[in-house]
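Q: Please take a close look at one part of this structure, a pair of packed helices, and explain how that part fits into its surroundings.

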Amino acid sequence: MSNVLSQKWLLSRRHMLRGLGATIALPLLDCMSPLRAAAIAAKPRRSVFIYIPNGVNVLTWQITKAGRDYELSTPLKSLEKHRENITPISGLHHPNGIGQAHECQKVWLTAAKVSQEGGAFRNTVSADQLMAEVTAPLTRFSSLELSISRGTTTLAWSRDGVPLPAEDNPKAVFTRLFGAEPGGVDVQRRRLNRRHSVLDLVLEDAKQLRRGIGGEDRMKLDEYLTAVREVEVRTERLDSWLNIPKPVVDGKTAANLTRNVSKTEAGDYYRTMYDLMVLALRTDMTRVITYMSGSESHGLAIPEIGIPQTRHELSHHNGDPEQMARLSRSDAFITEQFTYFLDQLQAVKDGEENLLDRTMVLFGSGMAYGHSHGNANLPTILAGGKSLGLKHGQHIDYNLPKLQQYDLANAAGHYAVCSRPVNSNARLTNLLLTMLHKMEVNTEKFADSLGPVSEVV
Amino acid sequence: MSNNKPCGWLGGSGKSLLNLLVALTNAALVGGAMAATGDFAQAVQPFLEQHCNRCHDAKKQKGEFRVDNLSRDFLQGGSAAKWAEVMDRISSGEMPPKAEPKPAAAEAAKVVEWLAARLKEGEAARLAKRERVSFHKLTREEYAHTIRDLLGVTFDYADPTGLSEDDTWNGFGRIGSVLSVSPSHVEKYLAAADTVLAEAFPEAVVEKGRKAALPKTFGKRLKGIDLRGVSNQAELEAQGLADKVRVEMWPGHDLTRASPGNIPVAGLYRMRVQLSGLKPKNGRAPHLAVYAVNLDRMLHEQDVVAPEDKPIIVEFTTHLPAGNVNVRFGNETPGPSNLPRSGRAGNRAFFSTKDGRLPWQMKLTDEAGEPLYPFLIVDWLEWSGPIAEEGPTFAQREYLPAELGGAREKLTKLAERAFRRPVSTEEVDRLVKLVESEVKSGEGLESAMKAACQAVLCAKDFLYLVEGRGGDTPVPGQPAKQGLTADKNVRLTQWELASRLSYFLWSTMPDEALFAAARGGKLHEPGELRAQVQRMLRDPKAARFAEAFPRDWLQLRSVGMFPPDKKLYPDYDAYLEKCMIGETTAFFREVLHKNLSLREFLDSNWTMLNARLADHYKLPEVAGDQFQRVSLRPEDHRGGLLTHAAILSLTSDGTRHRPVHRGKWVMESILGKSPPPPPANVPAIEPTPATQPKATLRNKLDAHKRNENCAACHAKIDPLGLAFDNYDAIGRWRTEEIVGDGAGANPKVDASGELIDGRKFTGAAEFRKLLVEDLDKFNAAFIEKLAIFALRRVMTVDDRDALAGLAKQSKAADYRLVAIVETLVSSELFQKR
């Protein structure tokens, strides 16, 4: 075990983190199997997914030139300094998403078919959760779900297709991640043992019943059983983490992240959430994060730059030039917050690398042209993860081979590009599959994927 | 579309043959065997032969897709999905392709509509098949009500520490197949149980070396001078004026010093405040709002009207968790700036509106001393609690044994109530064993009992309404039989019936009287059921039905989903939104209490208003926050649900009214029909160029409808919504539509129209009359919605006969609401899974 502890990166990381607001304790390996120990020895691979609600103003967002010497469009200008860390991609879509209105956020990471009439819609597993299955044994929290609204407004869906409730309150997240174990380790251990006995009882009771019932009726019971079992596994895992103290976050950082931040101060709110995400990643509390920075029905107004409407209202601009200009400004604002997130990740050094190099970030939307619910040519930017083997620096465009060039002056023409896929093989799932591979998820296919995106690997 | 196996509807496997038989039996139930396939030959076959088969049959399969041998079985998920694809392609005009002869739009529309209807039926049947599960999860609201009745403590389910929001289906929040459980739910249930049990079994507080039975109490009193904070406190004290300082609150002003601070233990707390509320002539009353910031919860809000020299005391109790509670105490009314330099007095002490103002400050009153803006003037406020009875809590009295030997009896009592049925010896054994092992590992008896309680609160039988046990309900004191009965149409047991009834009308567990009736074995008798319904509707808990059912049926959760643009609708605020929903809920409650006819929902000469809503509607003033019945005259332009601001705004998108969505809502909620979904490639409504005259949304839609693919369906949907064009996006009456784009004057509203059957109307009032003529359609739709709510599942073809029978009985009883509820409860439908 000591050879693992003496891994240089771990020590240097601890050293480095102390100066940056947090001390991280090293995992105690007694509780881990040798296999896990080996996995821990490998450097972390991380993924973050950030959702843009209601699409964008596609007329100003579109990057018109493919390849390495592309020019970032106006709303994306803030990303200029990250050119070597990002790959904007045009032309991707979910075949099942075409024609969806407010449901596209549910399938952004799952690619499932949603019935527009509602029905007993069952989603499928989201890409981040497949990643979390791989990273779960290595971190205290297998994944972190964040959103603009608390509850089922979430990007993450379990293997049963159940929404994994998200948190919107930085303070609540901070407390969950870094809060002290009330009463100390012994009290907690006792509490977890007790939780274990309670869960045992609950499971035993449910299993008794399961024997007697057949196929269809068992579905709900199985869903419950799976959930209880998973919590039991988590309880065991928590137990093994107990002897490993949580990282200590310095008072100033903690105070900043536990303020009551109002969503009416959009910039402050976003940056607080992003700071929290950076802290969660660099202290290795989790390696997989989804963040619905806005949902189709709740995309923040940004009073501080003179935008009183929500993104949903702006997206239904009905061609009004003023509304469209505001939508562009809102796009630029959201991108600036994203740039801030990349800045912060890059600022955390880990030897020769930085946190961004080991973290893939997908920034995009399940909607392109919001006004009439066009969802082809989805806004998509892949960032970070260079140390995981991602190659950045170019604009990948799946439309241009067929279109030859963009004519953004012809609005109706570009809206059509954003409503009907130009290249039906340009699927967002290809990109998700690429990311899954980089996270060492062993799969040849994800949903309707055709193969990884060769341009970035 | 890949590789369709050549399996016509007679050539499939044994299993699909079985399904076919089921389908035929179902078809027989709804009116004649072979109806579906027979119609197919008539409604779709000719179209396919003429337009589709040439490229999609045995000889040629363009796009690897065959339509000629596609199974006619719409109950099968696989073939249904392919038919849906066919429908989409035809409806979007994509098929047949451009080069081929074009079918007449009306002809294509007929096919699309026929397919949509079959698909809908198939969907419902498949949903129901999955849905007749035996496990209906409690919603978080039901969970909290049940906890209250079981343990006597309040659980704040919507607080950040509460439970996640539940999923909904077409507005309904309690459909068994839709409510799901993930690991994070289980973690939240565990945490919720911890919270609830900590309050139900409070740990004794050690004071002066002795254990005190009651947790320590808490009190905080803040005088005006404390709330305000003044620069010259010492001076005022010396002058004896300190106690006379009041706090004048301008519109939009918050007091941040009103928080109770650190709450010692969770429990019920009381806030009292003495204040005056000055209402300007013809203006809104000041609105007191006490909001807990960190709990994201409105603790209390109301309008306050009281003269400056005769302040009143407002008090309320609320449940608070232990720890710091941060409260915003505000006067939430729109008004001018309240910055110190123009508005409020800043650090200067305030005593009266007659104090006189600094030269640069805005006036508070006019020359006659009447207030110019809605002010609150606060004297003091205090927090106290927890409010608890002396001695042990309800849970301690009911479930805490004096010694370990008594655990079995107490746990049996708890489990029976929590599982809402008798429990078996084994079920109790497991709980007793847990208590014993906890005691062995050093826990005290109370703590050990809490572990068992936690197991009960996380058990499937508590979290789910389990239906279908049939004869397998455990017999007290005997070992459990294994498993549930597999028969789908099994009758509910007495216990299951008691729970269904109780969650239907009360959203909580059965009370002692219902349990007693179940124990006696007579609950299923029509007379007994009727008597129970009458008793239950008289109980205050029935208010939950009056709130929950309209919320589901009318999709009221969507109110405020797209909050209106602040600039276009400056009057709109959270309180107005609450009042809008309040009107609809109060209206339903009134129909229920007075046992009125369903007709009232369509058209009425009365509604329920409070001050805020009367002001919103520009109707004569109504005093106070409470909803009261108000008579309506024709010129008030109100009456029936469809003129409620809640309904008119829930279909809007924040900036404008949406006639098509309104029409769709009327179809769904009033007529019980679902229009087919729009094809995926509809072009957007083009903006009006700035030089053209302003156009109403209706004009723009008309242009849209020139597209004949759209027109066929929209002729049915749109009139139902356009009838309400005289109401804007937040439900206010108007005669002109305010339009941003285009030139010239705002155009006049045209709310006239023609129904698909040819009946014409000039506006909402006439349209409502036409709806009343169709009362039987609404009657059927209403009963179906009520049944979905009560049975927690979607109705299907299998239920049609039962529903038709109920509709007939309702008609015989002049469509009276209580009669309908009673008939439903005593029906076969209600007593079966």
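A: The model is predicted. Just after helix H19 of chain B, B:Asn595 takes a positive phi of about 50°. Helix H19 itself covers residues 574–593 and has 20 residues. From its first C-alpha to its last it reaches 28 Å, close to the 28 Å expected at 1.5 Å a residue.

Now to the pair. Helix H12 (residues 425–440) and helix H13 (residues 445–457) both belong to chain B, and their axes come within 8 Å. These axes cross at roughly 145°, and the crossing of H12(B) and H13(B) is right-handed. On the H12(B) side, the residues that meet the other helix are B:Leu431, B:Leu434, B:Val435, B:Glu438 and B:Val439. An α-helix has 3.6 residues a turn, so residues three or four places apart point the same way. On the H13(B) side, the contact includes B:Leu445, B:Ser447, B:Ala448 and B:Met449, and also B:Ala452, B:Ala455 and B:Val456. By type, the residues of this contact divide into 11 nonpolar, one polar and one charged.

One residue of H13(B) shows how the pair meets the other chain. B:Ala455 touches B:Leu431 and B:Leu434 in its own chain, and A:Val198, A:Leu201 and A:Val202 in chain A; this list leaves out residues up to four places away in sequence.

The wider setting is a nonpolar core of 276 residues, the largest one. Among the residues with the most contacts inside it are B:Ala452, B:Ala455 and B:Val456, along with A:Met277 and A:Tyr291. Helix H27 of chain B, residues 775–791, gives the most to this core, with 11 residues. A second, separate core has 39 residues, including B:Val245, B:Val247, B:Tyr269 and B:Val273.

Chain B as a whole has 30 helices and 19 strands. Of its 833 residues, 44% are buried. Among its contacts between residues at least 6 apart in sequence, 71% join residues at least 24 apart.

Some loops of the model have backbone features to note. Most residues other than glycine have a negative phi, and most peptide bonds are trans. B:Asp814 has a positive phi of about 55° and sits in the loop between helices H28 and H29 of chain B. B:Asp814 counts as exposed because it has 12 C-beta neighbours inside 10 Å. A cis peptide bond joins B:Gly385 and B:Pro386, with omega about -5°. B:Pro386 is in the loop between strand S14 and helix H10 of chain B.

Note on methods:
Residues are numbered from 1 along each chain as its sequence is written. Chains are lettered from A and ligands numbered from 1 in the order in which they are written. This is a predicted model: local features need pLDDT of at least 70, side-chain atom pairs count only at pLDDT 80 or more; totals for chains, interfaces and linings use all residues. A nonpolar core is a set of buried Ala, Val, Leu, Ile, Met, Phe, Trp, Tyr and Cys residues joined through C-beta atoms within 7 Å. A residue is buried if 20 or more other C-beta atoms lie within 10 Å of its own, exposed if 12 or fewer, and partly exposed in between; C-beta atoms are placed from the backbone. Helices (H or I, at least four residues) and strands (E, at least two) are DSSP runs, numbered from the N terminus. Two residues are in contact if their C-beta atoms, placed from the backbone, lie within 7 Å. The expected span of a helix is 1.5 Å times one less than its number of residues. Axes are lines fitted to C-alpha atoms, for helices over the stretch in contact, and angles run from 0 to 180 degrees between N-to-C directions. A crossing is left-handed if the near helix is turned anticlockwise from the far one by less than a right angle, and right-handed if clockwise. Ala, Val, Leu, Ile, Met, Phe, Trp, Tyr, Cys and Pro count as nonpolar, Asp, Glu, Lys and Arg as charged, and the others, Gly among them, as polar.
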